[in-house]
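Let's take a friendly walk through a protein model, one part at a time. Have the sequence and the 3D view ready as you read.

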Amino acid sequence: MLQSDKVFKDIEKKIEADPGNYRYYEALFYLCQQEPVEDSGFKWELTARLKEICARNSKMDIECSGNLLEMIKQLLLMEAQGLRFDSYMQYIELNRAPEKRFWLPRRDKLLPVCNLIQDLIDDKLDILTISLPPRVGKTTLEVFLLTMIMGAYPDDCSFVASYSGPMADSIYKGVVDIITDTETYLWRDVFPVSEFYTNVKKGTIDLNKHRRFSTLTCKGIDQSITGMVKCNRLLCCDDLVQNLEEAVSPVRLEKLWQTYTTDLRQRKEGNRCKELHLATRWSVHDPIGRIAAHYTGNPRVKCYSFPATDENGKSNFEYKYGCGFDDKYYADLRSTMEDVNYRALYMNEPIEREGLLYPEGELRRYFELPVEEPDAVIAVCDTKDKGSDYCVLIIAYVYGDNLFIEDVICNNSLPEVIEPHIVRLLLQNNVQSARIESNNAGGRIAQNIQENIKRQG
């Protein structure tokens, strides 16, 4: 490593003195080629340095005896074949116009996500979960990863699971497009695979030859996988929670967890099989939340979240060429969505939904009561005895199907302190009917309140 570094620096000085001499660039390229893969960290450090030199000098319109841009392309290919995920995505899209590419417009913003996935590829992690807002490119990122893993390990088996069959079919189609569309993607430059077999009905892809357990299988968790799936390279879980209805149901979330632990994870074989979760968060009890809780402190399991905006409301996902979402888009969403949903889906801050009987976004507000007389004035009271809980009294003015909450008590003082306040509000609002909690303490308090009201006429 030290010798290679010294040689690199010596040749680099020669390039500085004579930047148009292509032989020096070729010498550095050869040095990068010869660096052993076993020391891949240093190898990719050298290729990155050479790319930077070529890019800098090509921008300066220096007359060179060779094509520096072509050398950058060959360096990207070398890195792609060495399973550098960033370089792989750059290389296979080189035939596309810059504004049409997936990775180039999004690279600046999504590079931290790419680097985390690289840690999984490099065996620094066993399980990686990444939480991202909707529609920022997480599934397409997964599709690119799958095509790279398949090409590098055609004889191994990877498995993708999503919340439904149609979603799994979409991932399957994305993978097939990259591998088969040779005019758009340079995948076969990186992986010159001889044969390619697909089975749309089964959601399987085989490279080089047919197998009982395919190179890739894509299935929804609503589809049977018994006897069909083996996974010894990469298990991808893509958005296992389908929607809000599922997220607010403890029963359905528990069933989903059991599906993940007993169906999906049971397909993994061997210690080298990695696990990647890419999802938009819905609930603290979704699979990502439970994985994070279960593996707390385990250095081989990492869970990361990327919010839609920073603390100042600036978008983290506004991409080049007009792609992505700007500050205004997220500000508008925040102003129109229920806060609990926005925080979960877009800020990746899911909170416990249990007990949210009246979510803030579903409550209506008023400044004044209607001018006409109400149909009724009613009250309900949750009492308290001695202890730390609260007494709550709610007084509602009824107008047809609408209830206007005009007065409230929420107090954890002793009953003898609270009861006079309850009486005062009931009389002040001319309450016609009040229902008081019918436990032991409630019965006694109800009697005291009734007697107090009678004494006041």
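Strand 2 (residues 158–162) is mostly covered, with five of its five residues buried. Here, buried means under 20% relative accessible area, exposed means over 50%, and partly exposed lies in between (1.4 Å probe, protein chains only). Strands (E, at least two residues) are DSSP runs, numbered from the N terminus.

Before going on, note that this is a predicted model, in which local features need pLDDT of at least 70 and side-chain atom pairs count only at pLDDT 80 or more, while totals for chains, interfaces and linings use all residues. Residues are numbered from 1 along each chain as its sequence is written, and side-chain values use heavy atoms, leaving out hydrogens and water.

In a regular strand the side chains alternate between the two faces of the sheet. On strand 2, Ser158, Val160 and Ser162 lie on one side, Phe159 and Ala161 on the other, and all of them are buried.

Which strands pair with strand 2? Two strands pair if DSSP finds at least two bridges between them. The table shows two partners of strand 2.

| Partner of strand 2 | Bridges and direction | Bridge partner of Ser162 |
|---|---|---|
| Strand 5 (residues 216–220) | five bridges, parallel | Gly220 |
| Strand 6 (residues 234–238) | five bridges, parallel | Asp238 |

Further along the chain, four strands form an open sheet with mixed pairing, in the order 11-10-9-12. Strand 11 (402–411) and strand 12 (433–436) stand at the edges with a single partner strand each, so one side of each has no neighbour in the sheet. Strand 9 (residues 376–382) runs parallel to strand 12, joined to it by four bridges. One bridge pairs Ala379 with Ala434 in strand 12.

Now for the nonpolar cores, which are sets of buried Ala, Val, Leu, Ile, Met, Phe, Trp, Tyr and Cys residues joined through side-chain atoms within 4.5 Å. The largest has 106 residues, and Phe85, Tyr88 and Ile130 have the most contacts inside it. Beyond its neighbours within four places in sequence, Phe85 is in contact (heavy atoms within 4.5 Å) with residues including Cys114, Leu141 and Met148. A second, separate core of 19 residues includes Ile409 and Ile449.

How many disulfides does the structure hold? There are zero, a disulfide being a pair of cysteine sulfur atoms within 2.5 Å. The sulfur of Cys218 is 9.0 Å from the closest cysteine sulfur, in Cys236, which is too far for a bond. Cys231 is in no disulfide either, and the nearest cysteine sulfur, that of Cys273, is 3.6 Å away. Cys218 is buried at 3% relative accessible area, and Cys231 is buried at 0%.
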